[in-house]
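Colleague: Could you take me slowly through one part of this predicted model, beginning with a single loop and then moving on to what surrounds it?

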Amino acid sequence: MTVLAAVQRELADETARLLATAASLTDADVRAPSLLPGWTRGHVLAHLARNADSHVNLLTWARTGVRTPQYPSQEDREAGIEAGAARPAAEHVVDLRDSAARLDRAVRTLPEEAWRSPVGGLRPPYHPAWYCLVRRLREVGVHHVDLNAGYGPADWPETFVSRELKSCLLMWPYERSTISGARFVSAAGEPLDEWSGLGDGPVVEGAPADVLAWLTGRSSGDGVRVVPGGEPVPPPPPWLTGTAPADLPATPPEDY
């Protein structure tokens, strides 16, 4: 299986998990707060549906060569979320399912050469169209956690965690870093990998999913500790993985 096909399969699997969670929610559940300040679960679901359509726009751009913005503007993006947030749970499920199906169709019908085409979101840099799959997978995986409905960072697949940690490293905010290094360990405490030279601050250690949850603001540092110990875990650096690393290759690397 090619890297592109593998990421497509991951996206399909994660979307199915998200839809299962959405289908379990009642109208009251949808109106309840999510883990995102100021957003209900309905806001998260509406965002995920409109985000799927926004990626259809980017793949249309890649297919036609005609610039098709992901969103017309930040204001339009926010308006679309607000417009759909208060709907009943059943309507959210239909919208989420239908928008995911539209994106799946766009993915399956995109010509092979178009995956190399440069496209861009609301923030730079431009990136090859294949990275849309990674961006969408990130949205689904992270915002599924934000629903606070039984799916947490411990449920993230290992491949997702590995890829997102790599994205964090590729876009590391050295000038605003709060740590100098990160060590990743298994559940048994065995060393797995290590980042160094990240800037100023202590070295932190934890399981990959726990560190990713902390870096993305999806935990306050549960499972993360400062080494050799004794200091409190600092606030995480600003999370920059909502965009794309600079200078991505035209085709996904084999280790993606």
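Modeller: The loop to look at is the one that runs between α6 (131–146) and α7 (158–170), and N148 is found in it. In this predicted model, the phi angle of N148 is near 55°, which is a positive value in a residue other than glycine. The relative accessibility of N148 is 43%, and because partly exposed covers the range between under 20% for buried and over 50% for exposed, N148 counts as partly exposed.

The two helices on either side of this loop are also tied together by a pair of side chains, since R138 and E164 meet in a salt bridge with a distance of 2.5 Å from N to O. R138 lies in helix α6 and E164 in helix α7, so this pair connects parts that are 26 residues apart in sequence. Both R138 and E164 are buried, whereas N148, in the loop between these helices, is partly exposed.

Helix α7 leads us on to the second largest pocket, which has a volume of about 340 Å³. The elements that give two or more residues to its lining are α7, β4 (191–195) and α8 (208–215), and α7 gives the most, with six residues. Among the residues that line this pocket are E158, V161, S162, L165, K166 and L169, together with F184, L192, D193, W195, P208 and A209. By kind, the lining divides into eight nonpolar residues, one polar residue and three charged residues.

Strand β4, which helps to line the pocket, also takes part in a salt bridge, for the side chains of R183 and E194 meet at 3.6 Å, N to O. R183 belongs to strand β3 (residues 181–185) and E194 to strand β4, so that the pair links distant parts of the chain, eleven residues apart. In contrast to the buried R138 and E164, R183 is partly exposed at 34% relative accessibility, and E194 is likewise partly exposed, at 47%.

To return to the backbone, a positive phi is also found at D247, where the angle is near 60° in a residue other than glycine. D247 lies in the segment after β6, and with a relative accessibility of 77% it counts as exposed, while N148 counts as partly exposed.

Technical notes: Residues numbered from 1 in each chain as written. Predicted model: local features only at pLDDT ≥ 70, side-chain atom pairs only at ≥ 80, totals over all residues. Heavy atoms only, no water. Helix = DSSP H or I, 4+ residues; strand = E, 2+ residues; numbered from the N terminus. Buried < 20%, exposed > 50% of the residue type's maximum accessible area, 1.4 Å probe, protein only. 1 Å grid on protein atoms, 1.4 Å probe; cavity = no way out; pocket = protein on both sides within 12 Å on 5 of 7 lines; lining within 4 Å. Points joined across faces, edges and corners; volume = space filled by probe spheres on them. Nonpolar A, V, L, I, M, F, W, Y, C, P; charged D, E, K, R; others polar. Salt bridge = Lys/Arg side-chain N within 4 Å of Asp/Glu carboxyl O.
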